[in-house]
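I opened a new structure today and kept notes as I went along. Have a look at it first, and then follow my entries.

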Amino acid sequence: MTSAGSYCCLERSSWRLQLWYALLHHPSTLFLNLTELTDQQKEFQEVARKFAREEIVPAAPSYDRSGEYPFPLIKRAWELGLMNGHIPEDCGGMGLGIFDACLITEELAFGCTGVQTAIEANSLGQMPVIIAGNDAQKKKYLGRMTEEPLMCAYCVTEPGAGSDVAGIKTRAVKKGDEYVVNGQKMWITNGGKANWYFLLARTDPDPKCPASKAFTGFIVEADTPGVQPGRKELNMGQRSSDTRGITFEDVKIPKENVLIGEGAGFKIAMGAFDKTRPPVAAGATGLAQRALEEATKYALERKTFGKFIAEHQAVSFLLAEMAMKVELARMAYQRAAWEVDQGRRNTYYASIAKAFAGDIANQCAADAVQIFGGNGFNSEYPVEKLMRDAKIYQIYEGTAQIQRLIISREHLGKFKQ
Amino acid sequence: MSARVLVGVKRVIDYAVKIRVKPDRTGVVTDGVKHSMNPFCEIAVEEAVKLKEKKLVKEVVAVSCGPQQVQETIRTALAMGADRGIHVEVSGKDYETLGPLQVSKILAALAKKEQADLIILGKQAIDDDCNQTGQMTAALLDWPQRSPEDGTFASEVNIEADKLKVVREIDGGLETIKINLPAVVTADLRLNTPRYATLPNIMKAKKKKIANVKPADLGVDVSSRLEVLKVDEPPQRQAGVKVETVHDLVGKLKEAGRI
């Protein structure tokens, strides 16, 4: 999948062209142009920022309290073109690169990560189809997302298997021209709102069969008989996002809905992550940025011992460290996004970005509550929600521990070469 | 309808920015400061695009005067729905002294050249608050001009058989005015709510044309008749004093020699 214009800024002037050639010969050179976005990227970012600050921020507290699905906000984001950016142009989408999508994601997450996760789950569900779908599947399932504001979901995790994807037990048995699926999925974002799911199920019953051949990816229409979404789960944070368990009871899937072929599922499911981890990192960065801005505003208003609390070093140092973390997280996700847009394998960078951003989002949210003091603990102020929302960034899309496994494996692998 | 609308858009310092006066007191700091389209101009663009959607006009042309950066502002207008843009290149000292008189001369010349039937402008710009360009442009072209007055709501602008119909809220109810085209309309705050530029429209806007023109090509002299002597911050607000009773108030006023 190619990106559209996320680095067209390279052609603008000769020094940039020289650096680009240098990069070709020295892949270890740090990538350029972190500081200057293209005009189009700036315009996209502007729209997302305006929408987030004017429409998401005011509505977020009530969605958090009620847990209601923020469909009006999602519909608005869809109308503005802020959703489904990755869908290729021939399916009615904009064919945006991961970098551009990350810029938008960070801005929306600033508004509310619950709303942003509901939107992001669309990208996660679509990614296997974008990378592995045939033309018919893409036109059918991606095309419909651009015609109406529909949701989709990524159905892999089970009650008994989260990090250990190879341990999933949902079975798909071939019967004639169909597969019959039985099993139980859990923690599926958009589970109750999706129009269709990307489903990973085990097709080879032999326990000795390696993971790379035992699983198959399917597209499942949500209204297929036997698909039973459970109740909406009540979570600590991102409460407006719809998370459910889903039971599959004798669900029949036509063979046309298999992605690539039997046994190709594991690779597809994992391949999607390289493209969706940078946006998740961007989301965590958006939350951290919000924590930093709220804390800074408060620190310049609240007085203690005769001065604004921002003038006390204990507080200004807290803010400085938050700023350091936010800037570095941003650079990390931008690098990861840029690498994959260049067509390179970005697993190392994507994991680093997601691990780091998830950790700092939690730290910055907790520090923001600290700066607000007693007010921070209270639901009338915006920062306690940030702390509750931040925790999941260390868990979903690959836990903090799994990211460290991946990073160490990649790092040691490079050393052994 | 084959009407063509010219919309003027001005690139100004963003309304949310805290303005600072330059140390040499010749103007305000603009370097590195966030700029965006004048909010009244956004409303003007929105109105023009709405007329096009109602199929009352055929083409919306966005115009801006200034250096290279104003192309961003024109592109925003294109992303909102304008069909093409005209960038009138004015830079350096000329740009610093560019005011309503020169801009209205440029707009008048362009209106004739492009055979525009309607010019929609923002009522005023938030940087100089002149509220003159619309009126001067109309005078130079000898066209009628309508600006919804402050505090009134122009709820509808329509074109009916070569006349511009404007419906305004007034104290007693609704007032409908018809003015002959071609005309100049200036847009006030409550005329409409400008749309967001959607991402697909931003991408489409890249393909729309922006023509480059110099004031000299239009036969306009942009030299200024005004000279700015100095720019100062407004005086700092002094803290007030609270008093408990009317008696105290009278006493304090006497002390201050006010009564």
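Here are my notes, from the overall scores down to single residues.

**Entry 1: how far to trust it**

I reminded myself at the start that this is a predicted model. I looked up its overall scores and found an ipTM of 0.77 and a pTM of 0.85. For chain B, I noted an average pLDDT of 88, with 96% of the residues scoring at least 70. One stretch of chain B, residues 149-153, has a pLDDT below 50. Beyond near neighbours in sequence, that stretch still has 15 contacts in the model. I wrote myself a reminder that predicted coordinates should not be read in detail where pLDDT is low.

**Entry 2: a helix in chain A**

I picked helix 10 of chain A, residues 347-372, and checked its length. Does the distance between its ends fit what 1.5 Å a residue gives, or what else do I find? With 26 residues, helix 10 of chain A should span 38 Å, and its end C-alpha atoms are 37 Å apart, which agrees. I also looked at how covered helix 10 of chain A is: 20 of its 26 residues are buried, so I noted it as mostly covered. Right after helix 10 of chain A comes A:Gly373, with a positive phi near 65°.

**Entry 3: chain B as a whole**

I moved to chain B and found seven helices and twelve strands. Its C-alpha trace spans about 70 × 50 × 40 Å along the principal axes. Of the 259 residues in chain B, 44% count as buried. I then looked at contacts in chain B between residues at least 6 apart in sequence, and 70% of these join residues at least 24 apart. The exposed area of chain B is about 14600 Å², and carbon and sulfur atoms supply 51% of it. For the charges, I found 40 positive and 36 negative ones in chain B, and their mean positions are 4 Å apart.

**Entry 4: backbone angles to check**

Before this entry I noted a rule of thumb: most residues other than glycine have a negative phi, and most peptide bonds are trans.

Which peptide bond did I find to be cis? The bond from B:Leu181 to B:Pro182 is cis, with omega near -5°. B:Pro182 sits in the loop between strand 10 (173-180) and strand 11 (183-187) of chain B.

Next I looked up B:Lys55, which is not a glycine but has a positive phi near 60°. I found B:Lys55 in the loop between helix 1 (39-53) and strand 4 (59-66) of chain B. Is B:Lys55 buried or exposed? Its relative accessible area is 66%, so B:Lys55 is exposed, as the cut-off for exposed is over 50%.

B:Asp129 is not a glycine either, and its phi is positive, about 55°. I placed B:Asp129 in the loop between strand 6 (118-122) and helix 5 (133-141) of chain B. The relative accessibility of B:Asp129 is 46%, so this residue counts as partly exposed.

**Entry 5: a long-range neighbour**

My last stop was B:Val231, in the loop between strand 12 (210-213) and helix 7 (246-255) of chain B. At 22% relative accessibility, B:Val231 counts as partly exposed, because buried means under 20%.

What does B:Val231 touch, not counting residues up to four places away in sequence? I listed B:Val21, B:Arg25, B:Thr26 and B:Gly27. B:Thr26 is 205 residues from B:Val231 along the chain, yet their C-alpha atoms are separated by 5.6 Å.

Definitions and conventions:
Residues numbered from 1 in each chain as written. Chains lettered and ligands numbered in written order. Predicted model: local features only at pLDDT ≥ 70, side-chain atom pairs only at ≥ 80, totals over all residues. Heavy atoms only, no water. Helix = DSSP H or I, 4+ residues; strand = E, 2+ residues; numbered from the N terminus. Expected span 1.5 Å × (residues − 1). Buried < 20%, exposed > 50% of the residue type's maximum accessible area, 1.4 Å probe, protein only. pLDDT = per-residue confidence, 0-100. Contact = heavy atoms within 4.5 Å. Areas by Shrake-Rupley, 256 points an atom, 1.4 Å probe, with all protein chains shown as cover. Lys, Arg positive; Asp, Glu negative; His and termini not counted. Charge placed at Lys NZ, Arg CZ, Asp CG, Glu CD.
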